[in-house]
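This report describes a protein model from its overall arrangement down to single residues. Please consult the sequence and the structure alongside the text.

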Protein chains: 2
Amino acid sequence: MSTIVCDCVNIKRNLSMLTDFYQLTMGNGYLKKGMKDRIAYFDMFFRKIPDDGGYVIIAGLEQFIEYINTLSFTEEDISFLRERGIFSEDFLAYLREFKFQCDIWAIPEGTVVFPNEPIITVRGPIPQGQLIETMLLLTINHQSLIATKASRVVRASKGRNVLEFGSRRAQGYDGALLGARAAYIGGCFGTACTMVEELYGIPSLGTMAHSWIQSFHSEYEAFKAYAEVYPTSSVLLVDTYNTLKSGIPNAIRVAKEILEPEGNRLKGIRLDSGDIAYLSKAARKMLDEAGMEDCKITASNSLDEYLISDLLLQGAEIDIFGVGENLITSKSNPVFGGVYKLVAIENENKLESKIKLSENPEKVTNPGFKKLYRFYHKKTNKAIGDLLTLRDEVVDESKPYILFHPVHTWKKTVLTDYYVKELQVKIFDKGQCVYSCPSIQEIREYCKGQVETLWEESLRLKNPHKYYVDLSEELWTLKYDLINKYSNEESNP
Amino acid sequence: MSTIVCDCVNIKRNLSMLTDFYQLTMGNGYLKKGMKDRIAYFDMFFRKIPDDGGYVIIAGLEQFIEYINTLSFTEEDISFLRERGIFSEDFLAYLREFKFQCDIWAIPEGTVVFPNEPIITVRGPIPQGQLIETMLLLTINHQSLIATKASRVVRASKGRNVLEFGSRRAQGYDGALLGARAAYIGGCFGTACTMVEELYGIPSLGTMAHSWIQSFHSEYEAFKAYAEVYPTSSVLLVDTYNTLKSGIPNAIRVAKEILEPEGNRLKGIRLDSGDIAYLSKAARKMLDEAGMEDCKITASNSLDEYLISDLLLQGAEIDIFGVGENLITSKSNPVFGGVYKLVAIENENKLESKIKLSENPEKVTNPGFKKLYRFYHKKTNKAIGDLLTLRDEVVDESKPYILFHPVHTWKKTVLTDYYVKELQVKIFDKGQCVYSCPSIQEIREYCKGQVETLWEESLRLKNPHKYYVDLSEELWTLKYDLINKYSNEESNP
């Protein structure tokens, strides 16, 4: 196979072949069976919030759009597929001249979302809706996982800055690059990875590793050399030998001897091992006594939202948290279980809603072409709950609305003083992109605002309140009619 | 920023900027301090085996070599860095004309390795050895994690085929693609992802999703249509409605009505939900009674090595396991903690060994430029233990060798009837690649042989025997001399 080296960092890879092989065998089957133009509707949704948290931050839409915009098959792809010996020439020609024709609706990046909500809805020819499943899920699952984790870590840090540190332990290159992008959406203020800044305009930061210290004859010489090179931006790593006896005294000495005489200040120190709570308090005291109240303390070393909460409870004096592997892999819960399910088919222009049954009632899909509303309290602008309806239903804000629990239907809430917002926006119209992605900074700001629409009870790290996602009466009726129909019919089809 | 779309799937991305920002600030510092050509030695090693397993399968070397071979900085990269305002023009010119000059030794992909062993050793100008740290760790950590997990899953399957299924829940695109590559090295027989075959020549497989069934009027029609399109390769998904009452009877009916009259056989069925142990036994019985003993049963649904062991203990009748998110993210342990540490510096052509102390004695690094030997038992060809020595030490196979425990030094073993192999091979000589990567099939075969060199006791999924990795007397003496020196000196440097 020939290989090309692409020099440019700003590259959009063609990932059209990153699809499960069965998407292609099914596509070929649909063509053979005359179902090339059969219109199908698919919903992407998830069932469980990672880490048993109260909400998910959705992310990855921009990369999904890039994928759709570059969706095309090269002659090499076609030859490769032909060699498998199972695809018809009709199907290969279909791929060679592939023209994306679907409509797609999606919830914008940075939005808080909840289980069973259609994050992305695809309507179009069934072979196409099927083909894009793998990349859709891969892209949204990955970035939503990391954005959600980042949001947890950032909230645990209570206003302090969180820096994403994890490239070296990410799961692959995009794990590092797009993971850092998602972490920024979730609230991190920057990353240690240079390429992330070049690609996405997210600030990259960092100063020194232990090897810098070790490559000089002494810690003092290493600090001095660094301060001479970076008089206005030095952050010194103080734990190579002994944090309190050697690291911090040497940092103070360098500040006094090298930086302050020239009118500069030591920007910060970094703690990367030992008892961070104890060391940070002792370090703060030593720095303050040396008149270095403005010297910031950064802490790293396998941190996550729980360790950060604990450190702050213990009064740790930390200004910046560097969070590595536990964030970039979402170590405590490294899988985001988004799924993509067929919810309707058009038969002779008539919409036929579809359902996927399961022995587990919570796994039964919500059928049909739907709309997702969020109810907000007029006075507080806090989110009250979400409502799934059929596509043509309209919520009349001038009237009270009765929400009811989809399983325990006697649980009802009458809403007044509310307004609603529709959550999905159209991003592709008959294959054409009709959405302009916000800048990454705008997404991050929007995400911050989104988290603020939630009540404290939904924001708890542990045992958060479960946010309401209800069905309209029409949708509920459709769903239970279908359940009854299929559970009677299909056991003896 | 301008963007390019690359059509070709066989693309080597230039990932030179995928480096922690501090590698660049340190590099700039080394140049400023006249240390551009200071020769340093770095070791990559890990301290802990994922999942508390008995061994690690090392993987990712080919991609690391690709990275080194494409290591170069574009004008855009240079401009980007210049705008940061902290890099000297000398350093920017150094990057623009970057010429890799290091020697690198590495343990080949597919080898079983153990904690504290130098997987990769880099010798060269310190700014260069430093620059490559991030990509080295990212590449080796990721693929070794997945290859090791795959090896566990494959062993649990006791000779049955394991198919990697996880693209949609991987952490990013390379998480899917290179993860599937690593899973193949670890023993999987294929992947569900088409692009993995096109890129790496690893078989991709798959037949149908639930949506195929749902898009027809009945399950029977869906199976019939599929069998007509793929008369020789159909695997039917039988759990959409009711596995035993509907799915398997319909599969048998289609085999009898459509396939067998034309001389074809139903290749297989797939179970994706429910009680797999029970369903697989019932399915096997139904298929056998229909004269379909050759119809294979594939099982999927959040499997991992423990669930597979349990299923087989319960007598499940499964021929092929499809393993998704638990493999592609190594869910139970999603971080491989490889580190990269400075172990020596050349000062006026004299080697000065370096050590990184830690309050945790097991975290103290092994200093110096070293060699790694593996001792094999002559009669059984089983691996007995590994030995780290200084670089110039030679093990004389004609004499007995005394191994001793590096902490409890009174624990000794006298080896006779052994032979040794050196594990590292040279892959770069003064910046030039001198290694030819084996094919992925060769690596997989080699890996299989590697696992067979281990005793059953090291292969246990739970509580495996801890394999010996000892130090030679010379290296041990060097290490403890350095520990004594630094723990006295550096507390008051």
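Which residues of chain A does UniProt list for "domain: Nicotinate phosphoribosyltransferase N-terminal"? The unreviewed entry gives residues 17–141 of chain A. UniProt positions are stated in the numbering used here, with shortened feature names, and such annotations may be inferred rather than shown by experiment.

This is a predicted model, in which local features need pLDDT of at least 70 and side-chain atom pairs count only at pLDDT 80 or more, while totals for chains, interfaces and linings use all residues. Residues are numbered from 1 along each chain as its sequence is written, chains are lettered from A and ligands numbered from 1 in the order in which they are written, and side-chain values use heavy atoms, with hydrogens and water left out.

**Chain A and its annotated domains**

Chain A contains 17 helices and 23 strands. Helices (H or I, at least four residues) and strands (E, at least two) are DSSP runs, numbered from the N terminus. The C-alpha trace of chain A spans about 85 × 65 × 40 Å along its principal axes. Of the 493 residues in chain A, 63% are buried; buried denotes under 20% relative accessible area, exposed over 50%, and partly exposed in between, for a 1.4 Å probe and protein chains only. Among contacts (heavy atoms within 4.5 Å) in chain A between residues at least 6 apart in sequence, 74% join residues at least 24 apart.

The table sets out the spans that the unreviewed UniProt entry annotates in chain A, with computed values for each.

| UniProt annotation (unreviewed entry) | Residues of chain A | Helix | Strand | Distance between end C-alpha atoms |
|---|---|---|---|---|
| "domain: Nicotinate phosphoribosyltransferase N-terminal" | residues 17–141 | 42% | 17% | 18 Å |
| "domain: Nicotinate/nicotinamide phosphoribosyltransferase" | residues 163–351 | 42% | 16% | 49 Å |
| "domain: Nicotinate phosphoribosyltransferase C-terminal" | residues 370–479 | 22% | 35% | 12 Å |

**Relation of the two chains and their interface**

Chain B is superposed on chain A by a rotation of 180 degrees with 0.0 Å of shift along its axis, at an RMSD of 0.0 Å. That is the relation of a two-fold axis. The superposition is by least squares on the C-alpha atoms of residues with pLDDT of at least 70 in both copies.

How many residues of chain B are in contact with chain A? There are 123 residues of chain B in contact with 123 residues of chain A. Because 100% of the interface residues of chain B are also interface residues in chain A, the copies meet through the same surface.

The area buried between chain B and chain A is about 10,800 Å², and carbon and sulfur atoms give 58% of this area. Buried area is the accessible area (1.4 Å probe) that two parts lose on being put together, summed over both. B:Arg168, B:Gln171 and B:Tyr173 supply 9% of the area that chain B buries against chain A, more than any other three residues.

Ten salt bridges are found across the interface of chain B and chain A, a salt bridge being a side-chain nitrogen of Lys or Arg within 4 Å of a carboxyl oxygen of Asp or Glu. The side chains of A:Arg84 and B:Glu197 meet in a salt bridge with an N to O distance of 2.6 Å.

**Cysteines**

The structure holds zero disulfides over all chains, where a disulfide is a pair of cysteine sulfur atoms within 2.5 Å. For A:Cys188, the nearest cysteine sulfur is that of A:Cys447, 11 Å away. A:Cys188 is buried, at 0% relative accessibility. B:Cys437 is likewise in no disulfide, and the nearest cysteine sulfur, that of B:Cys433, is 6.5 Å away. B:Cys437 is partly exposed, with a relative accessible area of 29%.

**Selected residues of chain B**

Where does B:Ser302 lie in chain B? B:Ser302 is in the loop between strand S12 (296–299) and helix H13 (305–313). Its phi is near 50 degrees, a positive value in a residue other than glycine, and B:Ser302 is partly exposed at 35% relative accessible area.

B:Asn349, also not a glycine, has a positive phi of about 65 degrees. B:Asn349 is placed in the loop between strand S14 (339–347) and strand S15 (350–353) of chain B, and counts as exposed at 75% relative accessibility.

B:Leu387 belongs to strand S17 (residues 383–390) of chain B and is buried, at 0% relative accessibility. Leaving aside neighbours within four places in sequence, B:Leu387 is in contact with residues including B:Leu372, B:Phe375, B:Val395, B:Tyr401 and B:Leu471. B:Leu387 and B:Phe404 are 17 residues apart in sequence, and their C-alpha atoms are 9.7 Å apart in space.
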